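Visitor: I would like to go through this model and hear the reason behind each label. Please show it first.

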Amino acid sequence: MPDIDHIGICVHDLDAALCAWRDGLGFRVADVCDLADRGLRVAFLDAGSSRVELLASSGPDSEIAGFLARRGEGMHHVAFRVADLDVALAAARSAGMMVLPGAGRPGAHGGRVAFLHPKSANGVLVELVEDHQAAAG
Ligand code: CO
């Protein structure tokens, strides 16, 4: 049964967003990273056994530029932790779900990730994150 790994929220300004989420809501910042190849600057906030991921663009061709332009700030995706990404993707594909290009690349914390098209999951962009610690141990 998949656990929620994190909830992704797109923001225009990461520092301004941290004022609300860290200072206003009391979340602890676990880490802030630049994902230059994806045009993103990302902050992870601890939320019990899961996290909140705040995503901001660091350049004009970021992965979320289109989303921010069309929809503005807000909920972007929900990420579920799976033990084995290949098994999870095979199950999703055999249920007729559409896997987005780039599946299997490393995510922000080294584990492999994949995204499923929102049309496949009732309008929700689903990210699957392989639990590489569980896989290694
Ligand atoms: Co994510």
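Guide: Along the sequence the chain of this predicted model runs β-α-β-β-β-α-β-α-β-β-β-α. That pattern holds four helices and eight strands.

Visitor: What makes the chain as compact as a globular protein of that length?

Guide: The chain has a radius of gyration of 15 Å, and the globule rule gives 14 Å for 137 residues; the two are close, so the chain is as compact as a globular protein of that length. Along the principal axes, the C-alpha atoms fill a box of roughly 40 × 35 × 25 Å.

Visitor: How many of the residues count as buried?

Guide: Of the 137 residues, 40% do; the cut-off for buried is under 20% relative accessible area. The accessible surface of the chain is about 7,400 Å², and carbon and sulfur atoms account for 55% of that surface.

Visitor: In what order do the strands lie in the sheet, and what is the pairing called?

Guide: The order is β2-β3-β4-β1-β5-β8-β7-β6, in an open sheet with mixed pairing. Strands of a sheet can pair either parallel or antiparallel. Here β1 (residues 3-10) pairs with β5 (residues 74-82) in the antiparallel sense over seven bridges, while β1 and β4 (residues 50-57) pair in the parallel sense over five bridges.

Visitor: Why are β2 and β6 called edge strands?

Guide: Strands β2 (28-35) and β6 (105-106) each pair on one side only, and that makes them the edge strands.

Visitor: Which residues stand opposite H6 in β5 and in β4?

Guide: In β5, H6 faces A79. In β4, R51 is the bridge partner of H6.

Visitor: How do β7 and β8 pair, parallel or antiparallel?

Guide: They pair in the antiparallel sense, over four bridges. F115 has E127 in β8 as its bridge partner.

Visitor: Where is N122, and why does N122 count as exposed?

Guide: N122 lies in the loop between β7 (112-116) and β8 (126-130). The cut-off for exposed is over 50% relative accessible area; N122 has 78% relative accessibility, so N122 counts as exposed.

Visitor: What is the sign of phi at N122?

Guide: Phi of N122 is positive, near 55°, and N122 is a residue other than glycine. Most residues other than glycine have a negative phi.

Visitor: How far apart are the mean positions of the positive and negative charges?

Guide: They are 4 Å apart, taken over 12 positive and 18 negative charges.

Terms used
Residues numbered from 1 in each chain as written. Predicted model: local features only at pLDDT ≥ 70, side-chain atom pairs only at ≥ 80, totals over all residues. Heavy atoms only, no water. Helix = DSSP H or I, 4+ residues; strand = E, 2+ residues; numbered from the N terminus. Rg over C-alpha atoms; globule rule 2.2 N^0.38 Å. Buried < 20%, exposed > 50% of the residue type's maximum accessible area, 1.4 Å probe, protein only. Areas by Shrake-Rupley, 256 points an atom, 1.4 Å probe, with all protein chains shown as cover. Lys, Arg positive; Asp, Glu negative; His and termini not counted. Charge placed at Lys NZ, Arg CZ, Asp CG, Glu CD. Pairing = 2+ DSSP bridges.
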